[in-house]
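Student: Could we take a close look at one part of this structure, strand by strand and side chain by side chain? I would like one connected account rather than a list.

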Amino acid sequence: MGRRQHLRVRTQGRAAYGRPGAPPTAGRVLARNREWRGEARAAWLCGLGLTGVLVSIDLARGSLDGWRGGFWAGLGALFLAVLMPQRVTAGDGWLATRGLLKERRVRTDLLTRVRRSDGITPRLVLRDVGGGRVELDPQVLIANPLLWHQLDEGARRARRSGLLREGAPVLAAVGDRVDGDGARELLESAGLE
């Protein structure tokens with residue numbers, strides 16, 4: 001019918017262009033979780049291994065039929081879904097996590113709240129002005145300094161603009177861990193430790 005019109009939005013003195021309906025956080029990926037492929041491969045191997053063991057046991061007993069085989073395959077798929085790690089990516093002013101079903105994004109330069117949720121697995125919960133919410137394991141940021149750099153840079157902008165009022169100590173603690181691990185790696189590679 002007609003040409004698609006593009007939106008022009010002004011963000012921090014820069015013009016950003018995008019498609020209508022596109023999330024404002026869409027952009028080029030500058031950092032990603034480097035260990036994700038290995039962790040995803042391990043999750044697949046565990047799910048397939050569990051299915052293989054259960055089917056082999058049933059086959060050895062002579063009680064394997066279509067229903068039982070389907071049940072064991074479903075159980076293996078459920079095990080895979082539980083073990084599959086989130087894919088974490090970041091760009092200029094955004095951070096995203098992708099699970100099995102959906103992707104969640106948060107604008108790091110518009111963060112309002114950061115908190116640490118302790119439990120069996122500690123989680124970092126980020127919230128932005130638009131209601132975006134992301135939960136991720138702080139260990140992912142510690143293991144990937146480029147991801148941490150993108151989050152920290154956006155959080156500093158949010159703090160300067162007065163949006164981020166809750167969570168600066170949480171981010172400082174993660175930053176200390178990232179810096180400590182980075183310094184330790186540098187010393188080890190130089191043979192000084």
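**A sheet, its helix and its charges**

Tutor: Let's start with a backbone pairing: W94 has R107 as its bridge partner in β6. Before going further, please keep in mind that this is a predicted model, in which local features need pLDDT of at least 70 and side-chain atom pairs count only at pLDDT 80 or more, while totals for chains, interfaces and linings use all residues. Residues are numbered from 1 along each chain as its sequence is written, and side-chain values use heavy atoms, with hydrogens and water left out.

Strand β5 (residues 94-98) and β6 are joined by five bridges and run antiparallel. Strands here are DSSP runs of E with at least two residues, helices are runs of H or I with at least four, and numbering starts at the N terminus. Two strands pair if DSSP finds at least two bridges between them. The wider setting is an open sheet of four strands, ordered β3-β4-β5-β6 with antiparallel pairing. β3 (31-32) and β6 (103-107) are its edges; each has a single partner strand, so one side of each lacks a neighbour in the sheet.

Helix α4 (residues 145-160) lies across β3, β4 (87-91) and β5, at about 50° to β4. That angle is taken between N-to-C directions, from 0 to 180 degrees, with axes as lines fitted to C-alpha atoms, for helices over the stretch in contact; contact means heavy atoms within 4.5 Å.

Now for the charges on this helix. R157 and D109 form a salt bridge through their side chains, at 3.8 Å from N to O (the term means a side-chain nitrogen of Lys or Arg within 4 Å of a carboxyl oxygen of Asp or Glu). This pair connects distant parts of the chain, as R157 belongs to helix α4 and D109 to the loop between β6 and β7, 48 residues apart. R157 and D109 are both buried (under 20% relative accessible area; exposed is over 50%, partly exposed in between, with a 1.4 Å probe and protein chains only).

Within the helix, D152 and R156 make another salt bridge, their closest N and O atoms being 2.9 Å apart. These two residues of α4 are four residues apart, about one turn of the helix. D152 counts as buried because its relative accessibility is 14%, whereas R156, at 44%, is partly exposed. Salt bridges with shared partners also join D92, R107, D109, E153 and R157 into one network, and here we meet R107 again, the bridge partner of W94. The structure holds 11 salt bridges.

Beyond the D109 loop comes β7 (residues 111-117), the strand that holds V114. V114 has 1% relative accessibility and therefore counts as buried. Outside its neighbours within four places in sequence, its contacts include L124, L126, L164 and L171. Three strands make up an open antiparallel sheet here, in the order β7-β8-β9, with β7 and β9 (133-136) as edge strands that each pair on one side only. From one strand to the next, the twist averages 15°. Four bridges join β8 (residues 123-128) to the antiparallel β9, where R133 is the bridge partner of R127. The side chains of R123 and E135 also form a salt bridge, at 4.0 Å from N to O. R123 is in β8 and E135 in β9, so this pair ties together parts 12 residues apart in sequence.
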